[in-house]
Amino acid sequence: MSASALSGREVLLVVGGGIAAFKSALVARELQRRGAAVETVLTAAGQRFISGVTFAGITGRAARVDLWDPSYPGELHIALTAKADLVLVAPATADLLARMAHGLGDDLATTCLLAARAPVLVAPAMHPRMWEHPATQANVALLRARGVTLAGPVVGPLASGESGIGRMSEPAAIVDAAARALTPQDLAGRRVVVSAGGTHEAIDPVRFVGNRSSGRMGYAVAARARDRGATVVLVSGPTALAAPEGVEVHRVRSARQMRDAVLGAAPSADLVVMAAAVADYRPADVAAEKIKKSDAELVIRMVKNPDILAELGAARRPGGPMLVGFALETGDLVERAREKLARKGCDLVVANLADDGFDGDDNRVTLVTPGAVVPLERMSKAAVADRILDHLAAQGRGD
Ligand code: C5P
């Protein structure tokens, strides 16, 4: 997720009265960590679950609770909403959603929601029976029709001890949605396929040949493409990363499984980004039983895997997807990237040195196209993802 969408932005956080309010403190902290400035408004019921002092401590600004606040000389709801870039309601209770839907304005939270002209994002939290009630569903439909965006609710354990739909989304997911709500949707209507992670090539039922790819770069491309409005398919090799919300994830293990998944999704795509570290070779034979230890040498014969990117490049046709490959090198970066661009028939190669990009959250890459070599400074993988996706956005503008 890019820090830039939230950086320097003003978020008005409205905290309703549900037990999930304790997680709203983490929402405030995460917004703050990603560079946003936060004003907090608590409803009367919200204050029963969490203190305004908590938010003041996190945000550095007094939490507001009272429309008639004597310490504020002007119209508090007008002042708070005039500067807001985003209004985030978390938790949004059934009652608060109903009051929003019907335009009530009898406290600070609801007057703010009436006065706001910024995008509104709500994170509902309630018992499943309340969420599923026709009144709540009708209110949500009304709010959606007016352009309100929802983050969750999700299925999970609830305060009642039951499990079901109605749990508030996790703070990080809510803040991701907030960043999304502040991101220009310049890839709306575009379809992006991304591969990520390494592949596991089986030796026997329990062993494999793999590599150190963390998957972070590909996951960042998938998340940013989603944030910018694209429909995203992520073909992921084994990684420790959580699936990004709002992205169709296909989990695969081997290069051949990855090939099938990528080739299956590519025909309808506008862009294919092969960020995966696909194994070039696989064991020629996979032992049916676990290979037993012995004193003899163990020789594993390896055969070539299909080159997915080269296959896509060879099958290019007008109107087909833009193709982006990665080149992880230990030397002669630009020369090898140019060679790969030509040999694999792609539009862009993202080249980096092995020491610069593995694992961590940032990367230093050079973008190599048939017409240009653009070295970028070290930046977050989300920012690198944006630079790659800018090529698709530019194509959309007919550049
Ligand atoms: O040839 P090399 O492995 O360096 O090329 C890297 C690029 O090609 C990456 O984009 C990678 O995802 C892709 N690739 C592939 N299939 C392979 C090997 C690499 O699509 N078998």
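The following legends describe close-up views of a predicted model of a protein chain with a bound ligand.

**View 1. Division of the chain into two domains.** The protein chain is split into domain 1, covering residues 3–181, and domain 2, covering residues 191–394. A distance of 38 Å separates the C-alpha centres of domain 1 and domain 2.

**View 2. Residues around the ligand.** The ligand is surrounded by 13 residues, of which Met274, Ala276, Pro306, Phe326 and Lys340 come nearest. Sorted by class, this shell consists of 8 nonpolar residues, 1 polar residue and 4 charged residues.

**View 3. Polar contacts and burial of the ligand.** Two of the contacts shown involve the protein backbone: a nitrogen atom of the ligand lies 3.0 Å from a polar backbone atom of Ile308, and an oxygen atom of the ligand lies 2.8 Å from a polar backbone atom of Leu309. A side chain also takes part, with an N or O atom of Lys344 at 2.8 Å from an oxygen atom of the ligand. Taken alone, the ligand would expose 450 Å², and the protein buries 88% of that area. Three elements each give two or more residues to the shell around the ligand, namely α12 (308–314), β16 (322–329) and α13 (333–344).

**View 4. Strand β8 and its pairing partners.** Strand β8 spans residues 191–196, and 5 of its 6 residues are buried, so the strand is largely enclosed by the rest of the structure. The term buried here denotes a relative accessible area under 20%. β8 pairs in the parallel sense with strand β11 (residues 231–236) over 6 bridges. A parallel pairing also links β8 to strand β13 (residues 271–274), in this case over 4 bridges. Ser195 takes part in both pairings: Val235 stands opposite Ser195 in β11, while Met274 is the bridge partner of Ser195 in β13. Met274 is also one of the residues that come nearest to the ligand.

**View 5. Environment of Ser24 in helix α1.** Ser24 is located in helix α1, which comprises residues 21–33. Because its relative accessibility is 0%, Ser24 counts as buried. The side chain of Ser24 reaches the backbone oxygen of Ala90 at a distance of 2.6 Å.

Technical notes:
Residues numbered from 1 in each chain as written. Predicted model: local features only at pLDDT ≥ 70, side-chain atom pairs only at ≥ 80, totals over all residues. Heavy atoms only, no water. Near = heavy atom within 4 Å. Polar contact = N/O pair within 3.5 Å; in protein donor to acceptor, adjacent residues only side chain to side chain. Areas by Shrake-Rupley, 256 points an atom, 1.4 Å probe, with all protein chains shown as cover. Nonpolar A, V, L, I, M, F, W, Y, C, P; charged D, E, K, R; others polar. Buried < 20%, exposed > 50% of the residue type's maximum accessible area, 1.4 Å probe, protein only. Pairing = 2+ DSSP bridges. Domains from an automatic or database assignment.
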